[in-house]
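Biologist: I would like a close look at one part of this model, namely the packing of its interior. Please relate that part to the strands around it.

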Amino acid sequence: NPNLGPDKIVCDSVQLISGFPSVNTQFNWNNSASTNNIWVTSTGQYEVTVTDQNGCEGYDTVLVTVNPSPIIDLGANQTACNGENIVFDAGNAGSTYAWSNGANTQSISVQTNGNYSVTVTTPQNCSSIDQASASFNALPVFSLGADANVCDSVDLTANVSAPNYNWNNGESVSTIQVTSS
């Protein structure tokens, strides 16, 4: 007789093996397969009938419960400026979390360059892993100089090369002329 083993609780899939060689043997599974083994990806009762070269039949059944592994998407690698936070969220509420930085929460907020990975384990004990990296860029360093007392106007220059400037008066160039206190 074939022996599919005890009932099974698995994550994603499991291979059921009849235990008989394929030569001179017929296999009839209740899912219409005719090989000596099958891959199971959904919950159900699986039965195989094996007929040997002498016409003798044997069968076995097994109940398989298939639980899905968690789907994790930390997103693309992220870049921010020093002093800002990057948040990675593993989703899958109700699961347990093991982050590479030692955290055990659903999401983490980081301020350090590096690769961050997380293993998420569902209550059914199915796990998945995902990773993303965080990169932080230095803030531009510049000085507008000392406070000044002037008669008519003064030019202020943000002496740093940058793609964008945003002065509190709405100007967006590197040098502005100030005519009032």
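**Overall form and interior packing**

Modeller: The protein has a radius of gyration of 32 Å, whereas a compact globule of 181 residues would have one near 16 Å. The model is a predicted one. Along the principal axes, the C-alpha atoms of the protein occupy a box of roughly 110 × 30 × 20 Å. Of the 181 residues, 30% count as buried. The protein exposes about 11600 Å², and carbon and sulfur atoms supply 46% of that area.

The secondary structure comprises 14 strands and zero helices. Contacts over long stretches of sequence contribute to the fold: among contacts between residues at least 6 apart in sequence, 43% join residues at least 24 apart.

I turn now to the interior itself. In soluble globular proteins, nonpolar side chains tend to be buried together. In this model, the largest nonpolar core contains 16 residues, and those with the most contacts inside it are Leu74, Phe88, Ala90, Trp99, Val110 and Val118. Two or more residues of this core come from each of the strands β8 (86-89), β9, β10 (107-110), β11 and β12.

Phenylalanine 88 illustrates how distant parts of the chain meet here. With neighbours within four places in sequence left aside, phenylalanine 88 is in contact with Leu74, Gln78, Trp99, Gln106, Ser107, Ile108, Val110, Tyr116, Ala132, Ser133 and Ala134. Of these partners, Leu74, Trp99 and Val110 are also listed, like Phe88, among the core residues with the most contacts.

A second core lies apart from the largest one; this other core has 15 residues, including Trp29, Val48, Val62 and Val66.

The strands around the largest core come next. An open sheet is formed by four strands in the order β7-β12-β11-β9, with mixed pairing. Its edge strands are β7 (78-81) and β9 (96-99), each of which pairs on one side only. On average, neighbouring strands of this sheet are turned by 25° against each other, direction ignored. Within the sheet, strands β11 (residues 114-121) and β12 (residues 127-137) run antiparallel and are joined by eight bridges. Valine 118, one of the core residues with the most contacts, stands opposite aspartate 130 in β12.

The loop between β11 and β12 holds asparagine 125. Asparagine 125 has a relative accessibility of 60% and therefore counts as exposed. Its C-alpha atom is 17 Å from that of serine 42, and the two residues are 83 residues apart in sequence.

For the other core, strand β3 (residues 26-29) gives a clear view of the packing. Its side chains alternate: Phe27 and Trp29 point to one face and are buried, while Gln26 and Asn28 point to the other and are not. Trp29 belongs to the core of 15 residues. Strand β3 runs antiparallel to strand β5 (residues 44-51), and four bridges join the two. The bridge partner of phenylalanine 27 in β5 is valine 50.

Threonine 49 also lies in strand β5. Threonine 49 has a relative accessible area of 18%, so it is buried, the cut-off being under 20%. Residues up to four places away in sequence not counted, threonine 49 touches Gln26, Phe27, Asn28, Glu57, Gly58 and Tyr59. Its contacts thus include residues of strand β3 (residues 26-29).

Strand β6 (residues 57-67) is joined to β1 by four bridges, and these two strands run parallel. In β1 (residues 8-11), Lys8 and Val10 form a covered face, whereas Ile9 and Cys11 form an uncovered one. Valine 10 stands opposite valine 66 in β6, and Val66 is among the residues of the 15-residue core.

Leucine 63 is likewise found in strand β6. Leucine 63 counts as partly exposed because its relative accessibility is 34%, which falls between the limits of 20% for buried and 50% for exposed. Leaving out residues up to four places away in sequence, leucine 63 touches Asp7, Lys8, Gly44 and Gln45. The C-alpha atom of leucine 63 is separated by 9.7 Å from that of glycine 5, which is 58 residues away along the chain.

In summary, the interior includes a core of 16 residues and, apart from it, another of 15 residues.

Notes
Residues numbered from 1 in each chain as written. Predicted model: local features only at pLDDT ≥ 70, side-chain atom pairs only at ≥ 80, totals over all residues. Heavy atoms only, no water. Pairing = 2+ DSSP bridges. Axes fitted to C-alpha atoms, helices over the stretch in contact; angles between N-to-C directions. Core = buried A, V, L, I, M, F, W, Y, C linked by side-chain atoms within 4.5 Å. Buried < 20%, exposed > 50% of the residue type's maximum accessible area, 1.4 Å probe, protein only. Contact = heavy atoms within 4.5 Å. Rg over C-alpha atoms; globule rule 2.2 N^0.38 Å. Areas by Shrake-Rupley, 256 points an atom, 1.4 Å probe, with all protein chains shown as cover.
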